[in-house]
Amino acid sequence: MCEKGSQCYEKYKEWENNEEIKIFREYLRIPTVHPDVNYDDCVEFLKRQAEGLELPVRVIEVNPRKPIVIMTWEGTEPSEKSIILNSHMDVVPVYPERWTHQPFGAEMDMEGRIYARGAQDMKCVGMQFLAAIRALKRDGIRLKRTIHATFVPDEEIGGKLGMKEWVHKDSFGELNCGFAIDEGIAGPGEEFALFYGERSVWHVYFHISGTPGHGSLLLKGTAGEKARYIIDKLMDMRKREEKKLEDNPDWTIGDVTTINIVMMSGGVQSNVVPPELMVAFDVRVAVDVKHLELENQLLDWCHEAGGGIEIEYDQKCPYVKPTTLDGSNRYWVAFKDALDELGLKVKPQIFPGGTDSRYIRGIGIPAIGFSPMNNTPVLLHDHDEFLQADTYLRGIDIYKKIITNVANV
């Protein structure tokens with residue numbers, strides 16, 4: 001509750017009447033929520049934004065009902081490599097009963113906290129990109145390089161029918177992209193997180209066959225014994241990664257390999273030893289791990305466990321080289337100069353999860369993930385996700401400077 005009375009109310013009204021806040025809240029009210037997202041209303045909203053910005057817009061579908069919206073602001077030297085400002089339209093599911101505000105109401109309290117699914121992840125960034133372009137155009141500024149603001153589907157379920165395929169299509173190649181900016185994560189302190197790479201996502205299923213029989217016996221080579229061996233080996237590896245993180249205070253979770261059991265299944269009755277069990281792991285492979293060595297290690301453990309184990313990969317993302325953050329990357333130099341001029345404290349790191357940036361980096365284009373949300377609790381995918389109005393508006397000014405710098409490289 002605000003204790004400043006009328007001053008607080010005046011600030012609230014200022015936020016409520018701000019045109020950029022209005023646009024942001026309108027976007028948040030469009031429930032592009034999984035599963036089975038309907039993007040129609042979102043596409044129409046984005047078309048209206050393009051019209052207001054006087055920018056050409058086109059909508060393509062790499063896969064049916066999976067639209068990709070592209071707004072283009074042509075630069076003064078359009079033959080130069082372009083800059084992509086990428087965001088995704090979809091959001092993760094909600095548990096409405098766990099929210100104190102309507103998940104798609106975009107309600108704002110007297111402190112300026114705007115509550116909605118997507119407030120942090122990442123409808124804020126998409127609208128901040130457009131707001132920064134609007135401000136630059138209003139100031140009569142023209143940039144050297146062409147800007148493409150892209151809005152893609154299905155990032156929250158891996159981007160398989162969105163960015164993953166699109167980067168290999170002619171319609172992406174025609175954008176002539178040299179550098180991309182995508183999402184980051186909020187941070188609770190003064191420091192901003194900046195992401196230059198991602199771990200590889202492996203979803204590994206062990207299908208474990210063994211000797212079946214009566215539950216009263218001590219049978220040899222059961223699926224349970226083999227499952228225990230595999231679980232122990234991977235949990236021991238998990239402990240070693242935890243120790244690395246504890247021993248290196250400057251590291252973040254993105255610097256180590258994370259391993260978690262996510263599913264277990266098998267058996268038909270409590271007195272029957274089953275012929276097969278399944279154990280699934282979510283493994284996020286650190287960027288310094290050699291993939292072939294890890295894969296061979298998993299195969300060796302299956303053999304040591306007694307054999308009869310098949311490995312299935314639901315996801316097995318390849319190694320993607322992180323974006324270089326030094327003088328050889330002119331886009332990074334311009335990006336860093338903008339941060340320095342603004343006096344922002346930034347911590348470069350490896351992203352803990354997965355974003356569409358990995359597909360852009362995967363075809364050799366440098367990309368940085370950055371969401372200008374410091375002094376903000378990390379609430380992506382959480383209940384009562386919110387972003388404070390002043391934080392949102394400041395982010396527009398930050399992007400305005402960054403976009404100007406990188407587009408004029």
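**Notebook: cavities and backbone oddities**

I started with the walls of the largest cavity, where β9 (200-209), α7 (223-247), β13 (276-285) and α8 (291-304) each supply at least two lining residues. I note here that the model is a predicted one.

**Cavities**

I looked up the volume of this largest cavity and found about 40 Å³. I then listed its lining: Val204, Phe206, Leu234, Met237, Ile259, Phe281, Val283, Leu294 and Leu298. Sorted by class, these come out as nine nonpolar residues, with no polar and no charged ones.

How many cavities of 30 Å³ or more are there? I have two in the count. The second largest has a volume of about 30 Å³.

I listed the residues around the second largest cavity as well. Gln120 and Asp121 line it, as do Glu183, Gly184, Ile185 and Ala186, together with Met373 and Leu380. By class I get four nonpolar, two polar and two charged residues in this lining. I set that beside the lining of the largest cavity, where the charged and polar classes are empty.

**Cis peptide bonds**

I went through the peptide bonds next. The bond from His34 to Pro35 is cis, and its omega is near 0 degrees. Pro35 sits in the loop between α2 (19-28) and α3 (40-53).

I also noted a cis bond between Asp121 and Met122, with omega at about -15 degrees. I placed Met122 in the loop that runs between β5 (113-115) and α4 (123-138). Asp121 was already on my list, as one of the residues lining the second largest cavity.

**Positive phi**

I checked phi in residues other than glycine. Asn176 has a positive value, near 55 degrees. I found Asn176 in the loop between α6 (170-173) and β7 (177-182).

Asp384 is not a glycine either, and its phi is positive at about 55 degrees. I located Asp384 in the loop between β16 (367-370) and β17 (386-388).

Is Asp384 buried or exposed? I have it down as buried, because its relative accessibility is 17% and the cut-off for buried is under 20%. For Asn176 the value is 25%, so I entered Asn176 as partly exposed; that class lies between the 20% limit for buried and the 50% limit for exposed.

Methods:
Residues are numbered from 1 along each chain as its sequence is written. This is a predicted model: local features need pLDDT of at least 70, side-chain atom pairs count only at pLDDT 80 or more; totals for chains, interfaces and linings use all residues. Side-chain values use heavy atoms; hydrogens and water are left out. On a 1 Å grid over the protein atoms alone, a cavity is a set of points where a 1.4 Å probe fits but cannot get out, and a pocket is an open set with protein on both sides within 12 Å along at least five of seven lines; lining residues have an atom within 4 Å of a point. Grid points are joined across faces, edges and corners, and a volume is the space filled by probe spheres set on the points. Helices (H or I, at least four residues) and strands (E, at least two) are DSSP runs, numbered from the N terminus. Ala, Val, Leu, Ile, Met, Phe, Trp, Tyr, Cys and Pro count as nonpolar, Asp, Glu, Lys and Arg as charged, and the others, Gly among them, as polar. Buried means under 20% relative accessible area, exposed over 50%, partly exposed in between (1.4 Å probe, protein chains only).
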